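Welcome, and thanks for taking a look at this one with us. Below is a short briefing to read alongside the sequence and the coordinates.

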Amino acid sequence: MFSELKFLLGVLKFTGTPFADDDQIESTAKPYLSVAYRLGIINGTRLDSGLYFSPKEVITRAEAATVLARLMDIGKPVSSMHFDDQSTAPAWAQDSLAALC
């Protein structure tokens with residue numbers, strides 16, 4: 001007999017990811033990334049050769065803010081916030097950065 005938790009953890013252990021660089025992702029991280037992707041917390045980067053997670057790349061402030069805002073279910077900011085390097089942030093991260101400032 002398995003508990004629900006042990007069964008689920010066992011199943012998720014063998015879950016792959018939708019990322020083309022899946023072979024570069026630690027096996028213990030794959031279930032978390034797969035769930036995070038399915039929940040829309042992470043999207044990866046679409047290139048001509050597929051969707052990539054790039055696990056060895058350093059996360060940018062824009063990427064971290066976007067993940068946190070999605071996790072916290074923060075929508076668009078209610079007020080306009082400005083920060084010194086705002087013009088260097090990608091358009092897709094502007095709302096998340098402003099919401100967390």
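## Cores, rings and a salt bridge

The largest nonpolar core has seven residues in all: Phe19, Ile25, Leu33, Ala36, Ile41, Ile42 and Leu51. Please keep in mind that this is a predicted model. Phe19 is a good residue to start from, since ring pairs link Phe19, Tyr37 and Phe53 into a cluster.

**Nonpolar cores**

- Within the largest core, which includes Ile41, it is worth pausing at that isoleucine: leaving aside neighbours within four places in sequence, Ile41 is in contact with Ala36, Val67, Arg70 and Leu71.
- A second, separate core has six residues, among them Ala62, Ala65, Ala89 and Leu97.

**Aromatic cluster**

- How many aromatic pairs are there? The count comes to two.
- Phe19 and Tyr37 form an edge-to-face pair, with 5.6 Å from centre to centre and 75 degrees between the planes.
- Because Phe19 lies in the loop between helix 1 (4-13) and helix 2 (30-38) while Tyr37 lies in helix 2, this pair ties together parts that are 18 residues apart in sequence.
- Is Phe19 buried or exposed? Phe19 is buried, with a relative accessible area of 3%.
- Its partner Tyr37 counts as partly exposed, at 30% relative accessibility.
- Phe19 also pairs with Phe53, and this pair is tilted: the centres are 5.5 Å apart and the planes are at 40 degrees.
- The Phe19-Phe53 pair links distant parts of the chain, 34 residues apart: Phe19 is in the loop between helix 1 and helix 2, and Phe53 is in the loop between strand 2 (50-52) and helix 3 (61-71).
- Phe53 has a relative accessible area of 28%, so this phenylalanine is partly exposed.

**Salt bridge at Asp22**

- The model has one salt bridge.
- Asp22 forms a salt bridge with Lys30, and their closest N and O atoms are 2.9 Å apart.
- Where is Asp22 placed? Asp22 sits in the loop between helix 1 and helix 2.
- Both Asp22 and Lys30 are buried.
- The cut-off for buried is under 20% relative accessible area, and Asp22 counts as buried at 18%.
- Not counting residues up to four places away in sequence, Asp22 touches Gly16, Thr17 and Lys30.

**Helix 2 and what follows**

- Which residues of helix 2 are buried? They include Lys30, Pro31, Leu33, Ser34 and Ala36.
- Helix 1 is included in what covers the buried residues of helix 2.
- After helix 2 comes Gly40, which has a positive phi, near 80 degrees.

**Strand 2 and the loop after it**

- Tyr52 is found in strand 2.
- Setting aside neighbours within four places in sequence, Tyr52 is in contact with Phe19, Ala20, Asp21, Gly44, Thr45 and Leu47.
- Tyr52 and Thr17 are 35 residues apart in sequence, and their C-alpha atoms are 9.9 Å apart in space.
- Ser54, in the loop between strand 2 and helix 3, deserves a look at its backbone: its phi is positive, about 55 degrees, although this residue is not a glycine.
- For context, most residues other than glycine have a negative phi.
- Ser54 is partly exposed, with a relative accessible area of 29%.

**Surface**

- Which residues form a nonpolar patch on the surface? Leu68, Leu71, Met72 and Leu100 do, with about 380 Å² of accessible area together.
- Leu68, one of the patch residues, lies in helix 3.
- The relative accessible area of Leu68 is 42%, and this leucine is partly exposed.
- Leu71 is a member of the patch and is also among the contacts of Ile41.
- Glu26, placed in the loop between helix 1 and helix 2, counts as exposed at 59% relative accessibility.
- The C-alpha atoms of Glu26 and Thr45 are separated by 18 Å, and these two are 19 residues apart along the chain.

How values were computed:
Residues are numbered from 1 along each chain as its sequence is written. This is a predicted model: local features need pLDDT of at least 70, side-chain atom pairs count only at pLDDT 80 or more; totals for chains, interfaces and linings use all residues. Side-chain values use heavy atoms; hydrogens and water are left out. Rings of Phe, Tyr and Trp (its six-membered ring) pair if their centres lie within 6.5 Å; planes under 30 degrees apart count as stacked, over 60 as edge-to-face and the rest as tilted. Helices (H or I, at least four residues) and strands (E, at least two) are DSSP runs, numbered from the N terminus. Buried means under 20% relative accessible area, exposed over 50%, partly exposed in between (1.4 Å probe, protein chains only). Patches are made of residues with over 30% relative accessible area and no salt bridge: like charges are joined within 9 Å, nonpolar side chains (Val, Leu, Ile, Met, Phe, Trp, Tyr) within 5 Å. Accessible areas come from the Shrake-Rupley method with a 1.4 Å probe; for residues, only the protein chains shown count as cover. A salt bridge is a side-chain nitrogen of Lys or Arg within 4 Å of a carboxyl oxygen of Asp or Glu. A nonpolar core is a set of buried Ala, Val, Leu, Ile, Met, Phe, Trp, Tyr and Cys residues joined through side-chain atoms within 4.5 Å. Contact means heavy atoms within 4.5 Å.
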